[in-house]
Structures are given as structure tokens and as C-alpha cells.
Amino acid sequence: MAEPKQTYDPATIEPKWQQFWQEHRVFRAVNPGDPGFDPKQPKFYALDMFPYPSAAGLHVGHPEGYTATDIVSRWKRAKGCNVLHPMGWDAFGLPAEQYAIQTNTHPAETTAANVATFKRQLQRLGFSYDWEREISTADPKYFRWTQWIWKQLHQRGLAYESNAPVWWCEALGTVLANDEVINGKSERGDHPCERRPLRQWVLKITDYAERLLSELEPLDWSESLKTMQREWIGKSEGAEIEFEVMDQRPSLFPPERIRVFTTRPDTLFGASFLVLSPEHPLVESITTPGQRSAVRNYQKAAASKSELERTDLAKDKTGVWTGAYAHNPLFAANDPKGRIPVWIADYVIVTYGTGAIMAVPAGDERDFAFARKFSLPIPGIFAPQTGDGPRDARIAAGEECCSDDVPFGAQNQNGSLTIAGLGMAAGKRKVIDWLVAEGRGQAKVTYKLRDWLFSRQRYWGEPFPVLHTQDGVELVPDEQLPVTLPYMEDFKPGGVPESPLIRAVDWVATKDKKGRPAQREINTMPGAAGSSWYFLRFCDPHNEREFCSKAASDYWLPVDLYVGGTEHAVGHLLYSRFWTKVLHDQGLVRAKEPFHKLYNQGMIQAFAYEDARGAVVPKKDTKEQGDDVVHAATGEKLKPIVTKMSKRYGNVVNPDDVVAEYGADTLRLYEMYMGPLADSKPWNPKDVPGVHRFLQRAWRLVVPEFAEKGTVHEWLRQDRACDAEIEKQLHRTIHKVDGDIERMAFNTAIAAMMIFVNEATKAMERLSRGQLRRFAQVLQPFAPHLAEELWERLGGQGLLARAPWPAVDPKLLVDDEVEIAVQVLGKVRGRALVPNGCANDVAIAAARAAVAAHLEGKTVVKEIVVPGKLVNFVVR
RNA sequence: GCCGGAGUGGCGGAAUCGGCAGACGCACAGGUUUCAAAAACCUGCGCCCUCACGGGCGUGCGGGUUCAAGUCCCGCCUCCGGCACCA
């Protein structure tokens with residue numbers, strides 16, 4: 001009969017501890033004013049980007065970031081912090097609704113089911129979330145406050161209705177915001193989009209452009225992410241300049257003025273034509289009869305081109321002359337340089353700047369290409385000294401364009417203004433001053449950032465708290481919030497740019513304050529509405545009087561660590577910053593920025609196999625043959641590549657399968673061990689058992705193989721003195737893990753713990769209970785279930801999840817003796833054992849002895865000592 | 001085209017401030033154990049020359065600075081991400 005074994009079995013210990021933690025409310029965060037709140041404790045807010053609960057369930061990419069924040073949260077608790085580590089659901093929006101349409105089920109139903117799946121999956125992974133703070137953006141108790149915040153924006157004049165052209169996506173049946181459209185196609189689904197004028201709600205994020213830009217600087221975000229936001233905001237400083245249209249009408253009418261934006265007002269001397277975008281409102285009135293049909297044809301052609309075509313043909317310039325001339329204010333009207341033609345061309349974008357430019361072919365590549373193509377004058381304006389003689393000559397002659405900072409030539413003067421000899425900065429200032437004095441322009445700052453298109457023609461979103469009455473827009477009073485969605489059997493988009501809510505006739509028809517008939521707004525808010533403030537609700541999730549008490553947000557904000565993917569670089573992260581600033585301006589939140597430290601995790605990829613033609617062969621059609629992977633049918637040897645996980649390639653890893661086979665602790669540990677959190681790296685199923693073995697070894701340090709030998713090894717039943725060598729090793733491990741968590745280098749922290757376990761295994765019977773308890777403490781953030789089990793078996797006081805971080809004795813981190821490398825001419829030729837902290841001459845003497853053979857017959861001209869590391873002899 | 005980031009053994013990766021390249025894990029090879037296998041444990045494992053001792057080469061490529069370079073500088077190549085006619 002087999003003896004009862006007690007091998008490491010995650011399937012029994014993991015649910016046991018998960019249940020225990022939950023029953024004892026171990027991870028509850030304490031708000032100011034709550035019983036048990038300790039004002040002396042530092043706070044720490046660790047936040048994950050909450051998931052869309054998709055039907056596919058959890059992907060292995062989710063637990064990567066979630067494990068990282070969980071490690072930091074558990075570690076911060078051990079360090080004595082009051083930690084807020086919450087989780088919730090981004091449940092409104094397109095993905096949820098698209099799935100509901102596909103499965104022909106109501107989105108409320110599919111969302112509830114998907115949330116249940118996600119929650120079950122996350123809970124199996126042992127994350128230390130305070131589940132009592134769980135929120136869902138689709139919950140009326142939540143979106144009541146999304147609507148309330150929207151009213152605050154409206155009251156500040158930051159929400160307005162607009163009829164400007166917006167991105168319309170026919171396939172999705174809705175309009176989309178700028179960040180949801182990439183190269184003229186929808187981010188979700190890759191469907192073509194087009195510009196259409198439609199009445200929409202818009203949020204005036206542009207009012208905050210400057211603050212969104214300048215207040216980005218001090219944040220602890222990656223430089224690349226800050227750059228993405230900076231470029232999206234797209235600040236340009238320059239001038240707006242007015243050009244009068246010439247010979248247009250009888251002189252009793254004041255002439256039309258064309259306003260252009262330029263970042264280089266200093267090049268006004270070289271402006272030899274103007275270009276308006278084809279959609280510019282002045283085109284109609286300035287076009288001469290002779291050019292009318294050519295202009296109309298060009299406008300029509302430009303309008304029918306999709307955004308994609310327009311940008312695809314980026315470099316090939318097209319355009320048409322309007323027949324009109326404008327006056328370059330620097331020159332006399334009868335001077336040929338003062339009379340410049342006005343063209344239209346689609347390389348000028350109507351939505352940026354003023355939709356019109358002054359073309360300076362000598363100073364701008366696009367204008368240069370355009371001038372060349374249409375044989376327009378290219379007046380030289382520079383007197384360059386780039387050191388490249390032939391190039392200088394071409395630039396001076398206006399035969400090559402130049403955007404460098406080089407001095408201007410003698411052409412740059414008229415009666416009242418000269419910038420000859422000046423450079424870019426001084427020239428700009430001087431020209432702007434002149435324009436202001438002449439009433440022809442002024443300094444101007446322009447942003448690429450557009451206002452946030454905030455309405456969607458979809459069912460599954462927050463209704464706007466707005467009525468359309470005879471007198472215009474009326475806000476729904478606070479006490480009537482939330483405005484809930486009517487239940488609709490048929491919630492599909494209608495194929496016309498009208499929300500499906502238009503069919504909820506009884507819901508739409510209502511009464512205004514005065515009791516007169518009114519209609520509810522039929523558009524709904526975008527998916528990003530709920531996620532723009534969820535980090536605030538987590539601070540005070542059950543508050544029924546406020547969206548979040550000021551005391552709670554003042555205490556918890558800003559988020560100390562926010563982890564998620566880069567896909568939200570400009571959407572969610574910009575919107576959240578905007579809303580936080582608005583709430584700050586309303587005096588409702590003290591923080592000006594929501595997320596102090598932001599960390600972008602890399603993508604978890606997978607191996608796939610490519611045939612000779614470069615086509616990926618699905619996993620099921622491959623087989624292993626020795627060290628190679630070959631095509632199962634043809635036997636062709638395949639090339640391994642790293643790519644996204646994809647159903648088509650058959651290389652998607654389901655976290656549930658990994659948990660079933662190895663346990664949650666192994667999944668957590670493997671994802672952290674794969675490599676640096678910020679890097680993208682491939683999942684390798686062969687590596688998973690490696691970290692699992694490490695956990696088994698840790699288990700065996702404590703637990704005997706057979707149950708009859710007791711719950712712990714015999715020598716661990718009582719406390720006893722610590723072995724000095726192991727003690728040293730342990731202190732180093734604690735110190736290393738501590739520093740590595742701090743810098744989010746989880747892979748090397750795990751390597752350090754592996755080294756300890758390897759060493760400890762060799763000296764198994766010299767281990768003490770106390771040492772192993774402290775090892776369990778450092779393991780706890782990474783593999784919390786196993787660590788908690790070991791802690792219990794080792795007689796740890798109370799719960800490990802609440803135990804403080806073990807202390808490190810700095811004295812134990814240094815050795816009495818150190819081995820140093822001895823180099824001759826920079827090459828390692830030997831080693832020497834020297835007392836730690838010894839004088840340089842002691843080290844040199846020992847080093848000389850170690851490499852005596854290499855020094856023989858040579859003269860040492862220099863001795864370099866790096867204390868505790870190496871000695872290098874420079875010889876001749 | 002512009003702006004970021006990266007390139008290290010058969011593979012994932014380590015080297016935190018210019019100081020011993022390849023920690024740790026995987027794969028692989030040999031061994032112990034076993035009737036056998038699995039598991040576990042031990043040993044080896046960058047490349048080349050050598051029975052060995054030892055030596056040479058080596059962090060994408062070419063140059064430079066330095067006693068010393070994966071790390072700093074200059075010039076390229078490749079890959080990944082972002083932006084892209086934004087005046």
C-alpha cells in the first residue's frame with residue numbers, strides 16, 4: 001500500500017487561502033474616518049487598467065500587469081502602507097455591444113456573464129484586490145455619477161453641441177473620436193470611416209491643451225509615452241498673418257482677407273503664393289470666373305477621396321489656381337513680389353491652423369515641391385554658411401529649399417523692416433513685431449488636439465442627462481439621476497446616423513421642467529466616459545451623495561502606480577487627465593493629475609512557425625522532429641518566429657489551462673520571470689515547468705515527502721539558532737528582492753530567490769524555522785498561496801499577507817574576504833582573495849602574487865585598483 | 001521621412017554608476033538512483049585551437065575615447081513601436 005504523500009499541490013492550497021483571505025477581508029483598504037484608519041500610515045494606490053469583460057475571457061496579457069501591481073501592493077503592505085488595490089469592469093461601449101449583436105443577446109446579459117467569468121478567473125489568481133470596492137461602469141449606481149460629472153462639464157461651458165464634420169463609421173453605425181480612427185479606419189474592426197457633418201456632443205478638451213502639455217512634464221511616465229501625448233496635443237508656436245485679396249471687387253467693399261498660420265513668420269519675405277485647402281470657406285468668393293470650373297472639379301475630386309487616399313499619395317502634389325492674387329504685406333502692391341497667386345491644394349488641411357498657408361518654397365520642402373511642379377517662383381531668401389559651398393549657392397539662389405537655422409540674405413528688407421543677417425529666432429520676433437505694428441497679424445499658438453467628440457449612436461452607453469425642449473437644451477436635475485437606459489429587444493444600430501434609442505418612443509418622449517413636451521437626448525456617451533474617472537470612484541465606491549468625497553480623493557490621489565498597455569497612450573490617459581483637471585477646477589478634487597507613475601507593460605507574444613514562403617503554419621499542422629519543428633504534412637523544416645498570439649495560428653495560451661496544470665502561483669511567477677515587464681516577449685510553454693520546479697523545491701525545503709513524517713521536517717519543529725552562512729545568504733536575498741521590487745525588476749528578484757532555494761537545498765538540514773519564515777515573507781508577493789501555506793506550517797504569527805517585511809542587517813551584506821579579479825592590460829589573468837575594505841597596497845601585493853607569471857620581465861607602469869572588484873596592471 | 005526603443009549563447013534573459021560578459025531559467029549531453037521509466041539529485045554546456053595545462057576570439061557592423069567599453073562618442077545596418085503633407 002502506498003504511503004500518503006504530501007507533494008506540492010496548488011489545487012488544494014490555492015483555493016484554501018483565497019477563501020481565507022476573502023472571509024477575513026484581508027485586503028480591505030481603509031479610508032480616512034473608517035474604523036481602524038491609521039493616519040500615520042503612508043498610503044499607496046496601485047491601479048490596473050480595468051478590463052473590458054470580453055467574451056473570450058482572460059488573456060495571458062491581463063495577469064502580466066495585474067501580477068506586477070499585486071506584487072507591489074503586497075510588498076507595500078508588508079512595508080507598512082495602507083494600500084488601495086481595486087478592480088472593476090469597463091463594461092459599457094462598443095466591444096460589449098458588438099459581442100451582444102453577434103450573439104443576439106442583450107448586452108446587459110452578455111456583460112453580466114462576461115464579468116462573472118473575468119471575476120472568477122481573476123480570483124483564481126490570488127490577486128489582493130479589495131473586492132468590496134468592485135465597480136462596473138454600466139451599473140446605474142456608477143453611471144449616475146458619470147452623468148453628474150458630465151453636467152459639471154456642461155455647466156463650465158465645456159460640453160457643447162456641434163454640427164462640424166465628424167468621423168462616421170458605417171459598419172459600426174456610429175461616429176468615432178479622433179483617437180478611435182487610425183488612417184481613416186476604425187481602431188476597432190478596421191472599418192472605413194468618412195467625414196460627415198452631424199449634430200454631436202463635443203467636450204472642449206482644447207481649452208486644457210496647454211495644461212495637458214505643461215503638467216505632463218513632472219509625471220513619472222516613460223519618455224516615449226509623454227512624447228506620444230505631446231505629439232497628439234501638437235503645439236506649434238508662430239504667427240497668424242493676414243493677406244488681402246487683390247483686384248477682387250469694386251473698391252467700395254473692403255477686400256477679403258486670407259488668414260494663414262505659419263511657424264516661420266521670418267520667411268514671409270519668401271512667400272511667393274498662398275494655398276488654401278479645397279474646403280476653405282473663402283474659395284467660393286475669391287475664385288475668378290475663368291478658373292471656376294477647374295476649382296469646382298478639384299474640390300469635387302478632393303471630397304470624394306477617402307482620407308486614406310489623400311494621405312497615401314502624400315508626396316505627389318496636386319492643386320489648382322483660383323485666379324486670385326493676394327498681397328504680401330511686406331512689399332508694395334505694384335511690386336511683383338507683393339502680388340502673389342492664390343491656389344488650392346489638398347496638402348493643406350482644413351482642420352489645422354486656419355486652413356490656409358503662405359507658401360515659402362525656399363524654406364519648406366512641400367512648398368518647394370509644389371512650386372517646382374507648377375512652375376511658381378522660388379525666391380531665395382537665405383545667405384547660408386553651412387560649409388557646403390555648392391549647397392550654399394543653391395540655397396542662396398532658391399534652387400534648393402532650406403529649413404535649417406541659417407542667416408537671411410539682403411533680399412529680406414523693405415522700407416521699414418530688415419532681417420538680413422539675422423537667424424530664425426531673431427527674425428521671427430522682428431517680423432511678428434512688424435506685423436502687429438502694421439495690423440497685419442500677431443503671434444499665435446496652434447494645437448493639433450481637437451475637441452473630444454463625445455456622443456455615439458449606440459445603445460450600450462450612458463444616456464446623456466439632457467432634454468431637448470422648445471427653449472433648447474435642459475439638463476436633468478441631479479435628483480433625477482441616473483437617467484437609465486430603456487430596455488430594448490432590438491438595440492442594433494439603425495443604418496442611419498440616429499441612435500437606436502430613437503425607437504424607444506416612450507422613453508424619448510418626456511416633459512421638461514415646465515411640464516411641456518420634451519425629448520430625451522438619443523445619443524449615448526462613448527466607452528471612454530466611464531473610464532475617465534473610475535480611479536476616483538474606487539476611492540469611495542459606495543458613496544450615494546457624491547461621486548467621491550473630497551476627503552477620500554484627497555487622501556488616495558494621485559494613483560502611485562498605474563500599470564497597463566500602451567494602447568491607451570492618447571485616448572484614455574488624456575481624457576482621464578482632462579476630467580481630473582476639470583474636477584480640480586470645480587474644487588472637487590485636490591489632485592491636478594490622476595496618475596503619478598505610469599508603467600507600460602510589454603505584450604506577451606508567442607512563437608509561431610513559418611514556411612519557406614514566409615506563411616505562418618498553424619500549430620496543428622506542425623510537429624516536432626528532433627530539435628526542429630516541421631510541417632506535419634510535407635516534412636518541410638519551419639522557421640520559428642515571434643508574433644502576436646492568434647487563434648488562426650493556434651498559439652493562444654489560456655490562463656485557466658495554466659492554472660489547472662501548474663497552479664496560479666506558477667502562472668504569476670512565470671509571467672514575471674519571462675523578462676522585464678516593459679518588454680514584449682514570447683510565451684514559451686517549455687519554460688513554465690522551470691518556475692514550477694522552483695516552487696516545488698521551496699515546498700520541499702519545508703515539507704517532508706511523506707505525511708507520516710509530519711507537516712514540516714523534523715529539524716523545523718522547534719526554533720533553533722541560525723546557521724551563519726545561510727543567514728548571510730538570506731539577508732542578501734531579502735535585500736536583493738526588496739531593491740528589485742522597488743525598480744520593478746521582478747525577473748531578477750525571482751532569480752535571486754531561486755539562488756537562495758538552490759543554496760538552501762544543499763544545506764537543507766541546517767535551515768531554521770525562522771529563516772524559512774523570512775524566506776516565505778519575500779516569496780509572498782510573488783507566490784502568495786504557497787508562501788502563506790509554508791508560513792502557517794512554520795508556525796508564523798497570524799497571516800503572512802499581513803506580516804511586515806523582514807529586516808536586513810547591513811553587516812551581513814558584506815563579506816570579510818572578497819575575491820577580486822586581477823587584470824594585466826585589461827585582461828583577467830588571475831584572482832586574489834583579499835580582506836574586504838583592505839588598503840590598496842594590500843590588494844596590489846596579493847594581485848602581484850596572483851599574476852606573477854604574467855608580470856615577469858615586464859615593467860608595471862600603472863596600477864589601477866577598484867576596491868573590492870579588481871586590480872589592473874598596466875605593463876610595458 | 002521624423003521621433004522613441006531595442007539588437008548579448010541553441011532559446012528567454014542577467015550585468016542597477018565605465019570595472020570579472022553570459023546570473024537565473026529552458027533546451028541539450030553525461031552520470032547517480034531504478035527491474036525499467038518518470039521524478040529527484042550531481043556534473044558539463046559561447047565559439048575556435050588543445051589529450052590536457054593553457055591560449056585566441058566574442059555583446060548587429062565599422063571606427064574612436066579609456067588602464068578598462070555590452071555600457072560613452074562618431075558613422076552605418078536590421079527589427080519593433082509611434083507620428084506622418086500639421087505649414
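**Group meeting: helix 1, the RNA surface and some backbone outliers**

Let's start with helix 1. Its buried residues are covered by elements that include helix 2 (61-78), helix 4 (107-123), helix 19 (655-662), helix 20 (664-673), helix 21 (688-702) and helix 25 (784-793). Keep in mind that this is a predicted model.

Helix 1 itself runs over residues 10-23. That is 14 residues, reaching 20 Å from the first C-alpha to the last, close to the 20 Å expected at 1.5 Å a residue. Which of its residues are buried? Pro10, Ile13, Glu14, Trp17, Gln18 and Trp21. They cover an arc of only 125 degrees around the axis, so they sit on the same side of helix 1. Turn to the face away from that buried side, and you find the exposed residues Ala11, Gln22 and Glu23.

Now helix 20, one of the elements covering helix 1. Helix 20 is mostly covered too, with nine of its 10 residues buried. Charged side chains are on that list: Asp665, Arg668 and Glu671 are among the buried ones.

Next, the RNA. How many residues surround RNA strand B? The count is 55, and the closest are Thr263, Arg366, Arg697, Lys736 and Arg831. Of the strand B atoms that come within 4 Å of the protein, sugar and phosphate account for 60%. By type, the surface near the strand divides into 22 nonpolar, 13 polar and 20 charged residues. Helix 23 (residues 746-762) gives the largest share, six residues.

Three side chains, three distances to N or O atoms. For Ser236, a phosphate oxygen of RNA strand B is 2.7 Å away. For Asp687, a sugar or linking oxygen of the strand is 3.0 Å away. For Arg829, a phosphate oxygen is 3.4 Å away.

Last, the backbone. Most residues other than glycine have a negative phi, and most peptide bonds are trans. Here are some exceptions.

Arg25 follows helix 1. Its phi is positive, about 50 degrees, although Arg25 is not a glycine. Arg25 is in the loop between helix 1 and strand 1 (43-48). Met744 also has a positive phi, near 55 degrees, and lies in the loop between helix 22 (724-742) and helix 23. Buried or exposed? Met744 counts as buried, at 6% relative accessibility. Arg25, at 40%, counts as partly exposed.

Then the cis bonds. Leu481 to Pro482 is cis, with omega near 0 degrees. Pro482 is in the loop between strand 23 (472-475) and helix 14 (505-508). Leu557 to Pro558 is cis as well, omega near 0 degrees. Pro558 sits between helix 17 (550-556) and strand 26 (561-564), in the loop.

Key
Residues numbered from 1 in each chain as written. Chains lettered and ligands numbered in written order. Predicted model: local features only at pLDDT ≥ 70, side-chain atom pairs only at ≥ 80, totals over all residues. Heavy atoms only, no water. Near = heavy atom within 4 Å. Polar contact = N/O pair within 3.5 Å; in protein donor to acceptor, adjacent residues only side chain to side chain. Helix = DSSP H or I, 4+ residues; strand = E, 2+ residues; numbered from the N terminus. Expected span 1.5 Å × (residues − 1). Buried < 20%, exposed > 50% of the residue type's maximum accessible area, 1.4 Å probe, protein only. Arc of directions from axis to C-beta. Contact = heavy atoms within 4.5 Å.
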